[in-house]
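Student: Could we go through this model together, one question at a time?

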Amino acid sequence: MVLGSLPYGYSHAQNQLQDSLKHRLKQLQSQNVQQSDTAYINTINRLANTYRFYSTDSLLMYSTRGLQLSEESAYTKGLTMALTRIGH
């Protein structure tokens with residue numbers, strides 16, 4: 001019985017984290033934070049990571065965006081995070 005509830009619990013937690021990170025992106029946008037800002041890029045990369053086991057399409061979409069923004073702003077840490085997600 002306990003094992004049957006673990007996947008749901010994990011999935012539910014992931015959904016909450018995804019919602020939280022999406023909300024954070026909207027907050028940053030409403031505050032007119034540039035997409036080249038490291039906080040924005042880190043949030044995109046963290047959001048990508050939440051999809052790694054469930055939706056590779058979303059993982060790739062967010063990671064590619066993080067990669068693009070990191071390259072444009074020469075943000076090495078963001079570039080590394082995005083490439084790691086794409087290669088996962």
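Some questions and answers on the helices follow.

Student: Happy to start broadly: which elements does the protein have, from the N terminus on?
Tutor: Keep in mind that this is a predicted model. The protein has 4 helices and 0 strands. From the N terminus on, the order is therefore written with helices alone, as α-α-α-α.

Student: What span does helix α3 reach from its first C-alpha to its last?
Tutor: Good one to check by hand. Helix α3 covers residues 56-73, which is 18 residues. At 1.5 Å a residue, 26 Å is expected. The model comes close to that, with 25 Å.

Student: Are α3 and α4 roughly parallel or antiparallel to each other?
Tutor: Let's begin with the axes, which come within 8 Å and cross at roughly 155°. Angles over 145 degrees count as roughly antiparallel. The crossing is also left-handed. So the relation of α3 and α4 is roughly antiparallel.

Student: How many nonpolar residues does the contact of α3 with α4 have?
Tutor: On the α3 side, the residues include L59, L60, L67 and E71. They meet residues of α4, among them L79, A82, L83, R85 and I86. By class, the contact has 2 charged residues, 5 polar ones and, for your question, nonpolar residues numbering 7.

Student: Which residue follows α3, and what is its phi?
Tutor: Look just past the end of α3, where the phi is positive. Its value is near 55°, and the residue is A74.

Conventions: Residues numbered from 1 in each chain as written. Predicted model: local features only at pLDDT ≥ 70, side-chain atom pairs only at ≥ 80, totals over all residues. Heavy atoms only, no water. Helix = DSSP H or I, 4+ residues; strand = E, 2+ residues; numbered from the N terminus. Expected span 1.5 Å × (residues − 1). Axes fitted to C-alpha atoms, helices over the stretch in contact; angles between N-to-C directions. Parallel < 35°, antiparallel > 145°, perpendicular 65-115°, else oblique. Left-handed = near helix turned anticlockwise from the far one by under 90°. Contact = heavy atoms within 4.5 Å. Nonpolar A, V, L, I, M, F, W, Y, C, P; charged D, E, K, R; others polar.
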